[in-house]
2 protein chains.
Amino acid sequence: MSRGKLPRPTDAELAILRVLWDRGARTVREVHETLQDGGGYTTVLKTMQIMTEKGLVTRDESQRAHVYSARLPRESTQQQLVTDLVDRVFGGSPARLALQALSTKKTSPEELAELRQLLDSLEKESES
Amino acid sequence: MSRGKLPRPTDAELAILRVLWDRGARTVREVHETLQDGGGYTTVLKTMQIMTEKGLVTRDESQRAHVYSARLPRESTQQQLVTDLVDRVFGGSPARLALQALSTKKTSPEELAELRQLLDSLEKESES
DNA sequence: CTGGAACTACGAAAGGCTTCGTTGACACCT
DNA sequence: AGGTGTCAACGAAGCCTTTCGTAGTTCCAG
């Protein structure tokens with residue numbers, strides 16, 4: 001069951017994954033304390049147990065307080081969710097999603113530059 | 001209940017909305033026939049009734065076969081979902097999402113040009 | 001008028017998510 | 001040894017989503 005594709009994380013699961021990504025491996029108590037709105041301790045615990053079953057996280061049980069880690073790096077999950085959204089709502093066109101995303105809020109000059117760079121390399125590719 | 005923010009559509013609801021956006025106002029039967037994998041007729045009907053309660057769609061009951069329309073245009077819902085994803089997984093940065101989206105699949109030269117144009121106008125704005 | 005087709009409405013079942021109370025284990029302190 | 005605090009495990013409840021069977025209505029053809 002550790003093989004195969006991981007399910008799309010739910011909202012509560014995503015909140016926990018964010019903590020794990022931001023701070024690295026953590027115990028339930030630490031995650032619970034970081035999440036101000038994550039519900040009670042046992043709620044977080046239960047969710048993390050389910051996430052373990054699903055393979056979304058792994059845990060080290062060698063200590064009394066089990067230490068959990070995200071199984072996939074943040075980028076993989078972002079990729080999964082983006083692909084998902086593109087397929088479900090943007091007719092399979094990542095560019096449409098990108099356009100929609102950018103036309104919303106303001107973006108820093110640094111990010112704009114980064115995007116331009118990516119755009120350049122993509123255009124270069126398509127020329128080849 | 002028609003006021004206030006609409007809930008994020010579920011996957012099944014999104015499939016139905018796509019039909020309504022693509023083809024315009026439709027009866028349950030028409031939606032059901034368009035969706036090859038949408039389950040039985042009553043499944044689609046039930047879902048659309050729930051969507052009506054939620055305000056995701058409106059219906060015209062003047063005919064025997066009620067005619068349903070998406071309440072919000074496609075773009076609004078795309079916007080909602082993009083904002084949602086940006087907040088939940090991209091730390092509030094639309095540009096990060098855009099980068100992730102573009103680095104995945106290939107994008108047509110036309111779309112690249114469109115993106116470049118948007119980028120230009122965004123940079124012009126930030127200069128002002 | 002009667003039967004069947006096309007509909008809507010209703011309700012229930014199954015599964016998933018979220019929440020939490022309770023229990024039991026373990027460790028530490030006194 | 002007894003008490004306290006920390007922890008995992010379990011189970012159940014409540015809610016939502018998805019699915020579908022059934023019942024009732026309306027319309028039309030014969």
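Into which domains is chain A divided? In this predicted model, chain A comprises domain 1, spanning residues 1–89, and domain 2, spanning residues 92–128. The contact between them draws on four residues from domain 1 of chain A and four residues from domain 2 of chain A, and the centres of these two domains, taken over C-alpha atoms, are separated by 29 Å. Between them, domain 1 and domain 2 of chain A bury about 270 Å², and 78% of this area lies on carbon and sulfur atoms.

Helix H5 of chain A, which runs over residues 94–102, is largely enclosed by the rest of the structure, because eight of its nine residues are buried. The buried positions in H5(A) are Pro94(A), Ala95(A), Leu97(A), Ala98(A), Leu99(A), Gln100(A), Ala101(A) and Leu102(A). Their cover includes elements of both chains: helix H4 (74–89) and helix H6 (109–127) are contributed by chain A, while helix H4 (74–89), helix H5 (94–102) and helix H6 (109–127) are contributed by chain B.

Within helix H6 of chain A lies Arg116(A), whose relative accessibility of 19% places this residue in the buried class, since that class covers values under 20%. When neighbours within four places in sequence are left aside, Arg116(A) is in contact with Arg116(B), Leu119(B), Asp120(B) and Glu123(B).

Turning to the nucleic acid, DNA strand D is surrounded by 22 residues, of which Arg29(A), Tyr41(A), Arg64(A), Thr10(B) and Gly40(B) are the closest. Of the atoms of DNA strand D that come within 4 Å of the protein, 61% belong to sugar and phosphate. The surface near DNA strand D receives at least two residues from each of four helices, namely helix H2 (28–34) and helix H3 (41–54) of chain A and helix H1 (11–23) and helix H3 (41–54) of chain B. By residue class, this surface is made up of six nonpolar, eight polar and eight charged residues.

Several polar contacts with phosphate oxygens of DNA strand D involve chain B. Thr10(B), which is among the closest residues to the strand, places a polar side-chain atom 2.8 Å from a phosphate oxygen. In the case of Lys54(B), an N or O atom of the side chain is 3.4 Å from a phosphate oxygen of DNA strand D, whereas for Ala12(B) a polar backbone atom lies 3.5 Å from a phosphate oxygen of this strand.

Technical notes. Residues are numbered from 1 along each chain as its sequence is written. Chains are lettered from A and ligands numbered from 1 in the order in which they are written. This is a predicted model: local features need pLDDT of at least 70, side-chain atom pairs count only at pLDDT 80 or more; totals for chains, interfaces and linings use all residues. Side-chain values use heavy atoms; hydrogens and water are left out. A residue is near a molecule or strand if one of its heavy atoms lies within 4 Å of it. A polar contact is a pair of N or O atoms within 3.5 Å; within protein, one must be able to donate a hydrogen and the other to accept it, and residues adjacent in sequence count only if both atoms are side-chain atoms. Ala, Val, Leu, Ile, Met, Phe, Trp, Tyr, Cys and Pro count as nonpolar, Asp, Glu, Lys and Arg as charged, and the others, Gly among them, as polar. Buried means under 20% relative accessible area, exposed over 50%, partly exposed in between (1.4 Å probe, protein chains only). Contact means heavy atoms within 4.5 Å. Domain bounds come from an automatic or database domain assignment. Buried area is the accessible area (1.4 Å probe) that two parts lose on being put together, summed over both.
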